[in-house]
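Biologist: I should like to go through this model with you and ask for the grounds behind each description. Please show it first.

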Amino acid sequence: MGKTEQKMIANGKRLDGRGPLDLREIEMKVGVIPNANGSSYVRFGKTAVIAGVYGPRPLFPRFLRESDTGILKVRYNMIPFSVDDRKRPGPSRRETEISKVIRMAFEGNLFLKNYPQTGVNLYLEVIEADGSTRVTSINAASLALADAGVPMRDFVVGLSGGKIDGTLILDLNGLEDNNSDADMPMAVLPTKKEVTLLQMDGRMNPEELKDLIKHVIDASGAIYEKQAEALRKKYIE
Ligand code: CDP
């Protein structure tokens, strides 16, 4: 999916019919991998991620163990048929970076000190990619960690913001990502309103940046509600 000459916003609507601050259709489920301690499926439009959490469990090799804390290990991976062109299997630089920033978005939020000598493995498999895969993975990670019973200070919500044709937008799809003036993935603790990840590609002025951060934080509450609902649903069923 490349750059296009087409206008990305016409009469206040994006090409997929959304208003600037509308999110795509969201689907969330927990408990989708029977063998995992916790798992989830999260879809934003045509971006879908499966998350699996294994642990906290004794960490191997032993020399990696920390006597006073557990360790979070994250692997973000795009499966070969998740994108238009086949993605080459195996970790790329991009996947290594995304795994690291997702780990950093969660680390300070988990009570890993309660689990010394252990490891928590978080696997994120992007099965369909149409923009904003790292933030969709963050939503899936939150649900899978909660499903595994790993104690957290707050949920973590992921949402991308951006600027396109001079307009601030939320939840970029793949075409918008490729044609934006700026895109800004964020992770937010929705009840504490703290930001645990903020990356940005492109250009915005300081006013726009401030407004966009506010839009992302404001919209994070609705995503958090959906996460809570998905967890409640599993336990009610
Ligand atoms: O996915 P995210 O927005 O977090 O990260 P990105 O590196 O900005 O990638 C933007 C989008 O480009 C992805 O969501 C995919 O839709 C697409 N992409 C792709 O088609 N092939 C790749 N190897 C990597 C990304």
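Modeller: Proline 61 is placed in the loop between β5 and β6 (71-78). The model is a predicted one, and the peptide bond from phenylalanine 60 to proline 61 is cis in it, with omega near -5°.

Biologist: Where does the model place proline 56, and what is the form of the peptide bond that leads to it from glycine 55?

Modeller: Proline 56 belongs to strand β5, residues 47-58. The bond from glycine 55 to proline 56 is cis, with omega near 0°.

Biologist: Why is asparagine 109 called buried?

Modeller: Its relative accessibility is 1%, and buried means under 20%, so asparagine 109 counts as buried. The residue is located in the loop between α1 (93-107) and β7 (118-128).

Biologist: What makes the pairing of asparagine 109 with aspartate 154 a polar contact?

Modeller: The side chain of asparagine 109 reaches the backbone oxygen of aspartate 154 at 2.7 Å. The cut-off for a pair of N or O atoms is 3.5 Å, so the pair is within it.

Biologist: Which term applies to glutamine 117, buried, partly exposed or exposed, and why?

Modeller: Glutamine 117 has a relative accessibility of 36%; buried requires under 20% and exposed over 50%, so the residue counts as partly exposed. Glutamine 117 lies in the loop between α1 and β7. Its phi is near 70°, a positive value in a residue other than glycine.

Biologist: What is the phi of serine 132, and why is that residue called buried?

Modeller: Serine 132 has a positive phi of about 60°, although it is not a glycine. Its relative accessible area is 13%, and the limit for buried is under 20%, so serine 132 is buried. The loop between β7 and α2 (133-147) holds this residue.

Biologist: How do you know that threonine 136 is buried, and what does its side chain reach?

Modeller: Threonine 136 has a relative accessible area of 1%; this value is under 20%, so the residue is buried. Threonine 136 is part of helix α2, and its side chain reaches the backbone oxygen of serine 132 at 2.8 Å.

Biologist: Which residues are around the ligand?

Modeller: They are Met78, Val83, Arg94, Ala129, Asp130, Gly131, Ser132, Thr133, Arg134 and Asp177. By class, this shell has three nonpolar, three polar and four charged residues.

Biologist: What makes the approach of threonine 133 to the ligand a polar contact?

Modeller: An oxygen atom of the ligand is 2.5 Å from an N or O atom in the side chain of threonine 133. The limit is 3.5 Å, so this pair qualifies. For arginine 134, an N or O atom of the side chain is 2.8 Å from an oxygen atom of the ligand. With glycine 131, a polar backbone atom is 2.9 Å from a ligand oxygen. The protein covers 72% of the 510 Å² of accessible area that the ligand has on its own.

Biologist: Where does the ligand sit?

Modeller: The ligand sits in the largest pocket. To sit in a pocket, more than half of a molecule's atoms must lie within 2 Å of its grid points, so the ligand meets that condition.

Biologist: Finally, why is leucine 212 called buried?

Modeller: Its relative accessibility is 0%, under the limit of 20%, so leucine 212 counts as buried. Leucine 212 is found in helix α4, residues 206-236. The C-alpha atoms of leucine 212 and arginine 75 are separated by 29 Å, and the two residues are 137 residues apart along the chain.

Key:
Residues are numbered from 1 along each chain as its sequence is written. This is a predicted model: local features need pLDDT of at least 70, side-chain atom pairs count only at pLDDT 80 or more; totals for chains, interfaces and linings use all residues. Side-chain values use heavy atoms; hydrogens and water are left out. A residue is near a molecule or strand if one of its heavy atoms lies within 4 Å of it. A polar contact is a pair of N or O atoms within 3.5 Å; within protein, one must be able to donate a hydrogen and the other to accept it, and residues adjacent in sequence count only if both atoms are side-chain atoms. Accessible areas come from the Shrake-Rupley method with a 1.4 Å probe; for residues, only the protein chains shown count as cover. On a 1 Å grid over the protein atoms alone, a cavity is a set of points where a 1.4 Å probe fits but cannot get out, and a pocket is an open set with protein on both sides within 12 Å along at least five of seven lines; lining residues have an atom within 4 Å of a point. Ala, Val, Leu, Ile, Met, Phe, Trp, Tyr, Cys and Pro count as nonpolar, Asp, Glu, Lys and Arg as charged, and the others, Gly among them, as polar. Helices (H or I, at least four residues) and strands (E, at least two) are DSSP runs, numbered from the N terminus. Buried means under 20% relative accessible area, exposed over 50%, partly exposed in between (1.4 Å probe, protein chains only).
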